[in-house]
Amino acid sequence: MERGEAEPARWRHTSLSKVMIGPLPAALLHQPKGASKEPFLTEVSPEPTPMAAVYYTPLNFIKLYSSMDFGRKWQLIHEHVTPNRFYWSVSGLDKEPDLVHMEAHTPDGSVQYVTCRAQMCTEANRNYPFPGYIDISSLVVQDDYIFIQVPTSGRATYYVSYKRDSFIQTKLPKYSLPKDLHIVSTDEKQVFAAVQEWNQNDTYNLYLSDTRGIYFTLAMENVKTTRGIGGNQMLDLYEVAGIKGMLIANKRQDNQVKTFITYNKGRDWRLLQAPATDLDGNDIHCIMPFCSLHLQLQMSENPYLSGTISTKSSAPGVIVATGNIGAELSYNNVGMFISSDAGNNWRQIFDEEHNVWFLDKGGALVAVKQPSVPTRHLWVSFDEGRQWTQHSFSSVPLFVDGVLVEAGAENQIMTFFGHFSHRSEWQLIKIDYKSIFSRKCTEEDYQTWHLHNQGEPCVMGQKQIYMKRRPGNYCMLGKDYSRILSAESCICRAHDFNCDYGYERRGDGNCRPAFWFNPSTVSRSCSQGQNYLNSTGYRKVVLNNCTKGVKDMYTARKQQCPNRPPKGLLLSTKDDKLTANLGSNVTFLVHLDEGDSLRTNIQLDFGDGTAVSYSNLSWTEEGIKHIYKSAGIFRVTALAENNLGYDTTTLFLHVTCPVEHVQLLAPFVVIRNKEVNITALVLPSHSRTVTYFWWLGNNTEPVISLDGSISHTFPNEGMHTITVQVAAANTILQDTKTIAVKEFFKSLLLSFSPNLDEFNPDIPEWRQDVGRVIKKALLQVSDFPEEQLLVAVFPGVPTAAELFLLPHKNQSEGKKKSEEELEQVSDIIVSALNQNLVEFELKPGVRVIVYNTQLTLAPLVDSNPRHSSSAMLMLLSVVFVGLAVFLIYKFKRKIPWINIYAEVNQEKEQEMIGSVGQGDSTPKITLSEFSTSKELMEKELDARVKRGVGNACESTREIPNCTSV
């Protein structure tokens with residue numbers, strides 16, 4: 001991999017659409033979701049045999065198939081796979097050659113890392129190397145490493161598996177706080193990662209890991225990025241082919257972008273020395289650090305164009321790039337530059353942008369102008385760009401869209417493809433350049449070249465000598481060409497060592513502990529009697545081959561594990577969440593920063609009356625699982641203890657279950673300026689884990705409570721809407737009621753002939769329709785305005801309802817007259833009810849008679865506190881009689897209005913429960929004085945009493961107050 005591509009937010013590669021055809025053996029096939037029945041060939045095994053095709057499509061997930069008989073038969077691997085997130089096995093690491101790594105979706109929308117054999121991928125044969133869920137499009141299988149990102153509510157968390165071992169969380173400096181992270185390279189026994197930290201917008205910091213890919217240290221800050229044509233973020237970092245440890249990067253520094261080069265994997269960086277002369281031989285006065293050479297480091301998104309920089313492993317030290325000379329990187333007045341000695345010295349070769357390809361293993365160079373300009377010519381150089389020969393390859397100028405170089409021992413073919421104009425067909429031009437070589441190279445045609453860094457012969461701990469063809473010799477290199485002649489190890493010096501994890505390089509060049517790092521911390525896996533490696537603050541650059549010298553001084557020292565008390569105990573859930581669904585398996589993770597893991601006892605109290613104890617920390621590595629059987633907020637406590645001390649930590653876990661039903665209980669009509677109780681009944685019942693949001697009247701902001709009841713006073717007359725939302729777990733349910741607010745009103749309780757119960761399905765829609773029919777029937781026996789008459793049918797059987805007579809909105813004629821009018825209308829309706837004159841037809845042949853369940857008329861209910869003494873005595877008497885009746889019959893018979901409220905709990909839609917407000921001078925009878933909501937929901941209330949007509953009891957009230965006894 002010559003260069004990394006930055007992608008948003010996760011470990012991942014670029015996902016450009018592409019079609020490839022090649023000689024490959026077994027194929028993977030996918031069918032995009034929602035696509036036609038024709039599937040698409042999409043990925044192939046890396047072992048050579050027959051043809052396969054690759055097609056990528058940006059959909060949510062795909063169906064993945066495999067074929068082992070050249071496409072004759074296809075076997076389904078998985079139905080829900082993330083596009084571009086499936087990989088063949090890696091030879092030498094995976095045991096089965098047909099193993100498939102993939103990112104698969106579960107039915108609930110979660111994502112898992114799954115492996116299986118291509119032809120044996122049933123659920124029973126699937127493996128889950130990472131036990132939890134992962135973020136979508138985060139799986140990367142590359143070389144020795146597998147990367148994933150786990151979904152967390154806070155910071156991003158990344159895990160790596162090295163050589164297929166268990167996944168371990170990666171360690172970046174504590175306060176890097178990445179908001180974006182990309183894999184740049186993994187091909188030099190370590191991981192290059194680009195991290196956009198919390199305070200960066202258009203730059204990234206470059207980090208290098210240890211060999212296992214776990215511990216990352218800073219290599220360069222503020223590396224520039226460029227957005228490609230496909231929208232991908234391209235990091236301005238280039239890994240020079242053929243010379244390990246050599247990188248070129250564009251860094252933003254003091255609001256300028258400058259190009260830097262390193263020869264030891266980011267340990268030291270320096271600017272590029274500009275050429276001494278221009279193309280015409282004139283001197284260039286460019287003094288560092290004020291002036292230097294700057295290179296464009298974009299790789300071409302067209303694989304058949306060279307991009308702005310090119311190197312080849314078979315031509316070590318040769319670098320061709322587009323750039324400019326000055327104080328900073330510019331995209332104006334650019335030219336082409338070349339270095340033949342690995343970036344130490346540079347020459348300008350063109351004053352315009354060109355694409356440059358390597359021929360004959362780098363023995364020759366061919367250059368063509370950018371495809372935006374049509375051309376008939378190409379330029380060839382045999383002396384590393386010092387002299388160029390122009391050749392014509394077409395009689396008509398061609399827009400060159402790409403060049404395919406087919407290099408072989410006997411076959412030297414270069415294919416140009418493009419078009420003469422934007423409307424013309426594609427043109428293919430093949431050039432056999434074998435004839436330009438007069439012979440094969442012999443020993444006399446080669447010379448030695450010593451790799452160096454501005455005169456320093458030791459690069460990556462070695463003195464390396466390469467064999468290169470003498471510039472200007474027109475001989476063919478051949479397949480037996482050897483690049484490295486010798487490599488001699490150097491004595492280790494300071495520049496062969498980077499700062500270790502947790503250490504930072506200071507101004508004097510020494511590595512010191514970062515303010516957040518405690519160098520005395522010893523791994524908890526270090527047990528008494530064992531040894532551990534105590535860091536000196538340095539670690540050797542990966543693949544550096546130096547020996548002796550300061551190696552022993554900088555290398556971590558082996559020391560005996562000390563006996564120490566537990567310290568830094570941390571407790572978390574495996575998914576790093578503080579919520580769990582009722583009945584789910586919660587996995588707790590216990591982490592100890594310091595202490596002897598083999599001699600430290602771990603105790604975990606789950607907060608629900610159960611606890612576990614482990615003799616040492618090693619038993620908890622896979623996590624501690626527990627299932628909660630009730631909802632609530634639980635205090636989970638962990639204790640780590642040994643003979644030297646102890647440490648504790650606490651976690652509060654919210655165990656929730658989704659709300660299935662919410663029913664808003666509220667009066668149908670209330671008195672103005674009188675407090676009314678409103679209740680939301682929730683099924684199943686929750687404890688401390690439900691949040692209630694109340695919108696009362698015309699309020700735009702909700703009242704938030706943890707209690708299912710709330711009191712409210714309505715100051716204005718009219719129709720008011722009450723809405724409650726109940727939030728638990730990831731579920732939010734809502735119910736809404738409409739309440740009429742009046743100064744006074746009259747109400748009557750209604751009952752019906754028994755035949756109505758036979759057709760009562762006990763659902764809200766039916767009650768609303770029947771209430772409308774009852775209202776229509778009542779209007780036929782009275783001359784009362786329709787808008788002043790309301791009917792509320794109660795849930796449950798026997799069917800009952802409440803009739804409300806409301807005063808006119810305009811009471812300018814006087815309250816007394818309105819009260820008299822309500823009394824008159826009430827008398828008329830009661831008389832009609834008592835004479836069985838109110839009836840309606842439910843269906844053909846079924847007529848229902850409406851009755852008045854009261855023997856005496858109720859007094860008017862209003863907000864005036866002044867009542868006559870006789871009226872007060874009557875009201876108080878009725879209340880006490882009602883209470884006595886309730887207490888006597890509570891355990892003997894079921895009371896119809898209680899039955900009504902029991903049915904309310906089973907409703908799934910809006911209900912309107914009749915109620916009358918009360919004056920301050922009379923006792924208030926509320927729902928809490930009778931059965932609780934839990935009691936009302938019990939099955940015992942299914943037994944219903946037969947309806948009859950008994951004594952009337954009437955008073956101001958907040959709940960239906962008339963019972964049949």
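This report walks through the overall make-up, one sheet, the disulfides and the salt bridges of the chain above.

**The chain as a whole**

Please keep in mind while reading that this is a predicted model. The chain contains 6 helices and 68 strands. Of its 965 residues, 51% are buried. Its exposed surface comes to about 46000 Å², and carbon and sulfur atoms supply 51% of that area. If we take the contacts with a separation of 6 or more, 58% of them are between residues 24 or more positions apart.

**A sheet of three strands**

With the general outline in place, let us look at one sheet. In what order do the strands of this open sheet lie? The order is E47-E49-E52, and the pairing is antiparallel. Strand E47 (567-573) and strand E52 (624-627) are the edge strands, each pairing on one side only. On average, neighbouring strands of this sheet are turned by 25 degrees against each other, with direction ignored.

The pairing of E47 with strand E49 can be followed at the residue level. These two strands run antiparallel and are joined by 6 bridges, with E49 covering residues 585-594. Leu570 is a handy place to start when viewing this pairing, as Leu570 stands opposite His591 in E49.

**Disulfides**

Next come the cysteines. A disulfide is a covalent bond between the sulfur atoms of two cysteines. A search of the whole structure finds 6 disulfides, and the table below lists three of them with their sulfur distances.

| Disulfide | S to S distance |
|---|---|
| Cys116 and Cys121 | 1.9 Å |
| Cys458 and Cys490 | 2.1 Å |
| Cys492 and Cys546 | 2.0 Å |

We can take these pairs in turn, beginning with Cys116 and Cys121. The torsion about their S-S bond is about -90 degrees, so this disulfide is left-handed. Cys116 has a relative accessibility of 1% and counts as buried. Cys121 is buried too, with a relative accessible area of 7%.

The disulfide of Cys458 and Cys490 is left-handed because the torsion about its S-S bond is about -95 degrees. Which parts of the chain does this pair link? Cys458 is in strand E37 (residues 458-459), while Cys490 is in the loop between strand E40 (484-489) and strand E41 (497-499); these are distant parts of the chain, and the two cysteines are 32 residues apart. Both Cys458 and Cys490 are buried.

For Cys492 and Cys546, is the disulfide left-handed or right-handed? The torsion about the S-S bond is about 95 degrees, so the disulfide of Cys492 and Cys546 is right-handed. This pair also links distant parts of the chain: Cys492 is in the loop between E40 and E41, and Cys546 is in the loop between strand E45 (538-540) and helix H1 (551-554), 54 residues apart. Cys492 is buried, as is Cys546.

The loop between E40 and E41 is therefore worth a second look, since it holds Cys490 as well as Cys492. One further cysteine to note is Cys657, which counts as buried at 12% relative accessibility.

**Salt bridges**

Finally, we turn to the charged side chains. How many salt bridges does a search of the whole structure find? The search finds 18 salt bridges.

One of them joins Arg267 to Asp268, with the closest N and O atoms 2.6 Å apart. Arg267 has a relative accessible area of 15% and is buried, whereas Asp268, at 33%, is partly exposed.

Another salt bridge is formed by Glu384 and Arg386, where the closest N and O atoms are 3.6 Å apart. Is Glu384 buried or exposed? With 15% relative accessibility, Glu384 counts as buried. Its partner Arg386 is partly exposed, with a relative accessible area of 46%. These two residues belong to a wider arrangement, a network of salt bridges that links Glu384, Arg386 and Lys468.

In a further example, the side chains of Arg512 and Asp508 meet in a salt bridge with an N to O distance of 3.7 Å. Arg512 is partly exposed, and its relative accessible area is 38%.

Key. Residues are numbered from 1 along each chain as its sequence is written. This is a predicted model: local features need pLDDT of at least 70, side-chain atom pairs count only at pLDDT 80 or more; totals for chains, interfaces and linings use all residues. Side-chain values use heavy atoms; hydrogens and water are left out. Helices (H or I, at least four residues) and strands (E, at least two) are DSSP runs, numbered from the N terminus. Buried means under 20% relative accessible area, exposed over 50%, partly exposed in between (1.4 Å probe, protein chains only). Contact means heavy atoms within 4.5 Å. Accessible areas come from the Shrake-Rupley method with a 1.4 Å probe; for residues, only the protein chains shown count as cover. A salt bridge is a side-chain nitrogen of Lys or Arg within 4 Å of a carboxyl oxygen of Asp or Glu. Two strands pair if DSSP finds at least two bridges between them. Axes are lines fitted to C-alpha atoms, for helices over the stretch in contact, and angles run from 0 to 180 degrees between N-to-C directions. A disulfide is a pair of cysteine sulfur atoms within 2.5 Å.
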